[in-house]
Amino acid sequence: MKFYMPTKIFSESDCVKKHSKELASLGQRALIVTGRHSSRLNGSLSDVTDALEAENRTWVIFDEIEENPSIETVMKAAAAGLKEKTDFVIGIGGGSPMDASKAIAMMIANPDRDESVLYENIELDHLPVAAVPTTAGTGSEVTPWSILTIHSQRTKKSISHKIFPELALMDSKYLMAMSRNTLVSTAVDTLAHLTESYLVKSADKYSRIFSIEGLRLWGQFKKNLLEDKMTAGDYDTMFEACTMGGIAIAHTGTGFPHALSYMMTYETGASHGVACGYTLGGFVKYYVDQNLKKDVLDALGFETVQDFCRYLEQLIHKPELPDGLWTKDVASIIQNPKRMASYPFEMNEEIMSKYLAE
């Protein structure tokens, strides 16, 4: 068994302002990494700048992070951070700004390196990173992963470096500004993290503590999520489940639904969570160990795997796949020894292709 979680986590109402000193302790001048609109609309950006101002810290805002951020955007942001002489990075938003902030922090700390270093297996320093999540899906606030779009390969891939945020400041009030589509997509992403982390080969007794508790929490709001009747308490629970999933995948990585999602997202424009949900039902249905499968279903409150698959079908709208994409996607996973090693039982194209029908 192993466990390592270096991120200091605070989760409460008005979290950012209450812990402004913790935020200020990371440096003198912050590069705030975010998208163009949501952090302004939900109040998280103003909360962060107010907190920095209260502690006599300065900042510069880079608000050009797109959904599924690209290497090119990371390099542009790093150049801005270097020019402004920033010494720590704050990622505000969903997984895209938080993932990007980690890669940006590393590139600022290594100005003599070019983008190729993102995928080199070497140790490099990085600036301190704080994460202020405004969605509850990726768990990036407590993971070392930074998943970027590689246009030249028409897919997404995590950088080779493990960069945990030093600080995570979580306030569920930000979640209430999410659109219905974002709510569903991020919730399914969390569900995939929790399910995959429980069933992958690298899971152990410690990681499964977080996976199973997160699944129980997810099950508490699943009915209201489906009926679009989420309460303030549901959003609190959703945040807790997301963080549990993040802690779990920080130790186990993810499984086939995530691996299959990246090409699907790039080629169809489907959101990350929906793309993961596309094959999550099949992944559970055809999982070999019936006891572990039952653990997942029981924790979520589903009597059968058919109930689980039916729920997902009602919750998400699966994208139409272009001709040949599924075959190409499956082949890319089957041919990836690292991905195949994450599954504890025999896997081949015939078995994986059954995922598509669920």
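Q: Which residues does G139 touch, leaving out those up to four places away in sequence?
A: A contact list tells you which parts of the chain meet in space, with heavy atoms within 4.5 Å as the cut-off. In this predicted model, G139 touches C242 and G246 once residues up to four places away in sequence are set aside.

Q: Where is G139 found, and is it buried or exposed?
A: Start with the secondary structure element, then look at the relative accessible area. G139 is in the loop between strand 5 and strand 6. With a relative accessible area of 1%, G139 is buried, because buried means under 20%.

Q: How far is the C-alpha atom of G139 from that of G94?
A: It helps to read separation along the chain and separation in space side by side. G139 and G94 are 45 residues apart along the chain, and their C-alpha atoms are separated by 8.8 Å.

Q: How do I read a helix such as helix 9, and what span does it reach?
A: The general idea is geometric: an α-helix has 3.6 residues a turn, so residues three or four places apart point the same way. Helix 9 covers residues 232-252, 21 residues in total, and reaches 30 Å from its first C-alpha to its last. That is close to the 30 Å expected at 1.5 Å a residue.

Q: How many residues of helix 9 are buried?
A: Counting buried residues shows how a helix sits in its surroundings. For helix 9 the count is 16 of 21, so this helix is largely enclosed by the rest of the structure. Just after helix 9, G253 takes a positive phi of about 75°.

Q: Which residues other than glycine have a positive phi?
A: Two to look at here are K85 and R154. Phi of K85 is near 55°, and phi of R154 is also near 55°. K85 is found in the loop between helix 5 (71-83) and strand 4 (88-93), while R154 lies in the loop between strand 6 and strand 7 (155-158).

Q: Are K85 and R154 buried or exposed?
A: Compare each relative accessible area with the cut-offs: over 50% is exposed, and between 20% and 50% is partly exposed. K85 has 68% and is exposed. R154 has 43% and is partly exposed.

Q: Where does T149 lie, and which residues is it in contact with?
A: Place the residue first, then list its partners. T149 lies in strand 6 (residues 147-150) and is buried, with a relative accessible area of 3%. Beyond its neighbours within four places in sequence, T149 is in contact with N68, P69, S70, I71, T155, K156 and Y266.

Q: What does T279 look like when read in that way?
A: T279 lies in helix 11 (residues 272-285). Its relative accessible area is 0%, and it counts as buried. Apart from residues up to four places away in sequence, T279 touches P257, L260, W326 and Y355.

Q: What can be read from E115 and I122 in the loop between helix 6 and strand 5?
A: Take them one at a time. E115 counts as partly exposed, at 40% relative accessibility. Leaving aside neighbours within four places in sequence, E115 is in contact with I71, M75 and M107. E115 and E72 are 43 residues apart along the chain, with their C-alpha atoms separated by 8.4 Å. I122 is partly exposed as well, with a relative accessible area of 33%, and touches R113, V117 and H161 when residues up to four places away in sequence are not counted. I122 and L175 are 53 residues apart in sequence and 36 Å apart in space, C-alpha to C-alpha.

Q: How many helices and strands does the protein have, and how does its radius of gyration fit the globule rule?
A: Count the elements, then check the overall dimensions. The protein has 16 helices and eight strands. Its radius of gyration is 19 Å, close to the 21 Å that the globule rule gives for 358 residues, so it is as compact as a globular protein of that length. Along the principal axes, the C-alpha atoms fill a box of roughly 55 × 45 × 40 Å.

Q: What share of the residues is buried, and what share of the contacts joins residues at least 24 apart?
A: Of the 358 residues, 59% count as buried. Among contacts between residues at least 6 apart in sequence, 79% join residues at least 24 apart.

Terms used. Residues are numbered from 1 along each chain as its sequence is written. This is a predicted model: local features need pLDDT of at least 70, side-chain atom pairs count only at pLDDT 80 or more; totals for chains, interfaces and linings use all residues. Side-chain values use heavy atoms; hydrogens and water are left out. Helices (H or I, at least four residues) and strands (E, at least two) are DSSP runs, numbered from the N terminus. The radius of gyration is taken over C-alpha atoms; the globule rule is 2.2 Å times the number of residues to the power 0.38. Buried means under 20% relative accessible area, exposed over 50%, partly exposed in between (1.4 Å probe, protein chains only). The expected span of a helix is 1.5 Å times one less than its number of residues.
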